[in-house]
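Good morning, and thank you for coming. Please look at the sequence and the structure on the screen while I speak.

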Amino acid sequence: MTLEFQIFCGLDTNGRDVDAEKLLSDLAIKYFPDGHSLQEVTGRWARRDHYGPTSEILTERTIVVIWQVSEVQNVDGRAERLVGRFAKAYKDGAYQEAVLISKRELDCWMI
């Protein structure tokens, strides 16, 4: 079984002087040097106030880091901890409010 992690990293740095795309690229190669994929998507959400979503729709360029590992590479949760450290480093460095991580099991192989 293979695990796939998808880490959603927004590129809006909340006005800070940071090249979020370069930071993301540098961190991804540091944490996942044996291979990963980057996919650009658009994140969207409605701003919320005390009463629920408002009419203000926010959009943000987002890069999804996709990393696949075998169960053997995840002994004692090592892969989850590595992904968590990557996400925290990106969140702190890019001044993000949150970084979404998803994990799923895949049946896959390379030819």
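E21, E40 and R61 belong to one network of salt bridges. I should say at once that this is a predicted model. Let us take the network one pair at a time.

In the pair E21 and R61, the side chains meet in a salt bridge, at 3.0 Å from N to O. Which parts of the chain does this pair link? E21 sits in helix α1 and R61 in strand β3, and these distant parts are 40 residues apart. Neither partner counts as buried, because E21 has a relative accessible area of 35%, which makes E21 partly exposed, and R61, at 41%, is likewise partly exposed.

The other pair is E40 and R61, whose closest N and O atoms are 2.8 Å apart. Since E40 lies in strand β2 and R61 in strand β3, this salt bridge ties together parts that are 21 residues apart in sequence. R61 is thus named in both pairs, with E21 and with E40.

A search of the whole structure finds 6 salt bridges. One of them joins D26 to K22, with 2.8 Å between the closest N and O atoms. How many residues apart are D26 and K22 in helix α1? They are 4 residues apart, so about one helical turn separates them. D26 counts as partly exposed because its relative accessibility is 38%, and K22 counts as partly exposed because its value is 48%.

I now turn from charged side chains to nonpolar ones. In soluble globular proteins, nonpolar side chains tend to be buried together. In this model the largest nonpolar core has 23 residues. Which of its residues touch the most other members? They are I7, F32, W67, F86 and Y90. The elements that give two or more residues to this core are β1, which spans 2-10, α1, which spans 20-31, β3, and α2, which spans 78-93. The largest share, 6 residues, comes from α2.

Let us take F86 as an example. Leaving aside neighbours within four places in sequence, F86 is in contact with I7, C9, L24, L27, A28, Y31, F32 and V65. I7 and F32, from that list of contacts, are also among the core residues that touch the most other members.

Finally, I come to the pockets. The largest pocket holds about 470 Å³ of space. It is lined by 18 residues, and those closest to its centre are W45, L58, E60, Q96 and E97. Two or more lining residues come from each of β1 (2-10), β2 (37-49) and β3 (52-70). Which element gives the most to this lining? That element is β2, with 5 residues. By class, the lining divides into 6 nonpolar, 6 polar and 6 charged residues.

The second largest pocket has a volume of about 220 Å³. Its lining includes Y31, F32, P33, D34, G35, H36 and S37, together with I66, W67, Q68, V69 and Q73. Here β3 gives the most, with 4 residues. The classes are 6 nonpolar, 5 polar and 1 charged. F32 and W67 appear in this lining, and both are also among the residues that touch the most other members of the largest nonpolar core.

To close, I would ask you to find R61 once more on the screen, in the salt-bridge network with E21 and E40. Thank you for your attention.

Terms used: Residues numbered from 1 in each chain as written. Predicted model: local features only at pLDDT ≥ 70, side-chain atom pairs only at ≥ 80, totals over all residues. Heavy atoms only, no water. 1 Å grid on protein atoms, 1.4 Å probe; cavity = no way out; pocket = protein on both sides within 12 Å on 5 of 7 lines; lining within 4 Å. Points joined across faces, edges and corners; volume = space filled by probe spheres on them. Nonpolar A, V, L, I, M, F, W, Y, C, P; charged D, E, K, R; others polar. Core = buried A, V, L, I, M, F, W, Y, C linked by side-chain atoms within 4.5 Å. Buried < 20%, exposed > 50% of the residue type's maximum accessible area, 1.4 Å probe, protein only. Contact = heavy atoms within 4.5 Å. Salt bridge = Lys/Arg side-chain N within 4 Å of Asp/Glu carboxyl O.
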